[in-house]
Amino acid sequence: MQHGPAVRRRKLGAELRSLRTSAGFTSGEAARLVGWHQSKVSRIETGTSGVKPADVRLLLDAYGLADAQLRELLLVLAGSDDNGGRHHWWHAYRGALPPTYRDFISLESQASAMRTLETTVVPGLLQTPEYARAVTEAALEGASEERLDTLVEVRLARQDVLRADPPLELSAVLDEAVLRRQVGGPGVMARQLERLMEAARLPQVRLQVLPFTAGAHIGVTGPFVIFSFSRTSDLDVVVLDHLTSSLYLEWKEDLRAYSEAFNALSIHALSPEDSLDFIAGTAAGV
């Protein structure tokens, strides 16, 4: 269990090692191609040292990687804010966002799919502006209006991944408590539940409700997010949020355990169609 940057370094290193091997180079040969010492290539591949995006570009060019999307993803893992001339929007908020949140957003922006269990609040990608503000204000008691405005703006900007081409595929299991908790009051909740019903009808969104009647379930230990990447499953990662930081689980055993947990939750939850009816019924009682 590691913080984001360490996980990103190791995942990047493992992918670079795989690309080097596929290209038919030893680490010494790769080092000579780019004018480095072999130890630098080894440190990068084991994730024991950071690597600049410019160095990653050198290696990818040397290995002949032409896959533009994979190149961009690897450069994001290296910390690039401008890959292939495309400026990442969250760079403008660098001073307002902690590094772990920027890591999360960068992975979210490059992932092809996201599976999430939420036990307390609506997923950020599906929040209305009013709901997002109420959640943020509760989490950061005493924060200035300016800071709240900025964080809500960031949360809403994140939602563009659902409108991208291709869009992020979002699968979300929501505990019934998410629908019942009166965040921001009845008016805010009514609009939020309407937003959930709109999102549930999108082809890229699969929304399921886990009702109280399902009893105890494997998700009682807390919410989690699983990011998946279409170009390589080796970059898949589980993210656990805590009050002051995020933890990233990268080992295959962890990924398998959380994937199995999400599958189990999906089986016990209502179907997407029944979930839509359940949300509508809840909205009628707000």
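**Exercise 1. Work out how helices α7 and α8 are oriented and what lines their contact.**

Let's start with where we will end up: α7 and α8 are oblique to each other. Keep in mind that this is a predicted model.

Step 1. Find the two helices: α7 covers residues 129-139 and α8 covers residues 145-158. Their axes lie 9 Å apart, at an angle of about 130°.

Step 2. Classify the angle. Angles over 145 degrees would count as roughly antiparallel and 65 to 115 as roughly perpendicular, so about 130° falls among the rest, which are oblique. The crossing of α7 and α8 is right-handed.

Step 3. List the residues that touch. From α7 come P129, A132, R133, V135, T136 and E137, and they meet E145, L148, D149, L151, V152, R155 and L156 of α8. Sorted by class, this contact has seven nonpolar, one polar and five charged residues.

Step 4. Look at burial in α7. Y131, A132, A134, V135 and T136 are its buried residues, and they pack against α8 and also α10 (186-200).

**Exercise 2. Do the same for helices α2 and α4.**

Step 1. Helix α2 spans residues 27-34 and helix α4 spans residues 53-63; their axes come within 10 Å and cross at roughly 110°. That angle makes α2 roughly perpendicular to α4.

Step 2. The crossing of α2 and α4 is right-handed.

Step 3. On the α2 side, find A30, L33 and V34; on the α4 side, find L58, L59, A62 and Y63. The tally by class is seven nonpolar, no polar and no charged residues.

**Exercise 3. Trace the six-stranded sheet and inspect its edge strand β8.**

Step 1. Write down the strand order: β5-β4-β3-β6-β7-β8, in an open sheet with mixed pairing. The edges are β5 (205-210) and β8, each pairing on one side only. From one strand to the next, the twist averages 15°.

Step 2. Check a pair inside the order. Strands β3 (residues 113-118) and β6 (residues 224-228) run antiparallel and are joined by five bridges. Here T116 stands opposite V225 in β6.

Step 3. Move to the β8 edge. Strand β7 (residues 237-241) pairs with β8 in the antiparallel sense over four bridges, and L240 stands opposite L247 in β8.

Step 4. Ask which residues of β8 are buried on each side. In a regular strand the side chains alternate between the two faces of the sheet. In β8 (residues 246-249), S246 and Y248 are buried on one side, and L247 and L249 on the other, so both faces are covered.

Conventions:
Residues are numbered from 1 along each chain as its sequence is written. This is a predicted model: local features need pLDDT of at least 70, side-chain atom pairs count only at pLDDT 80 or more; totals for chains, interfaces and linings use all residues. Side-chain values use heavy atoms; hydrogens and water are left out. Axes are lines fitted to C-alpha atoms, for helices over the stretch in contact, and angles run from 0 to 180 degrees between N-to-C directions. Angles under 35 degrees count as roughly parallel, over 145 as roughly antiparallel, 65 to 115 as roughly perpendicular and the rest as oblique. A crossing is left-handed if the near helix is turned anticlockwise from the far one by less than a right angle, and right-handed if clockwise. Contact means heavy atoms within 4.5 Å. Ala, Val, Leu, Ile, Met, Phe, Trp, Tyr, Cys and Pro count as nonpolar, Asp, Glu, Lys and Arg as charged, and the others, Gly among them, as polar. Buried means under 20% relative accessible area, exposed over 50%, partly exposed in between (1.4 Å probe, protein chains only). Two strands pair if DSSP finds at least two bridges between them.
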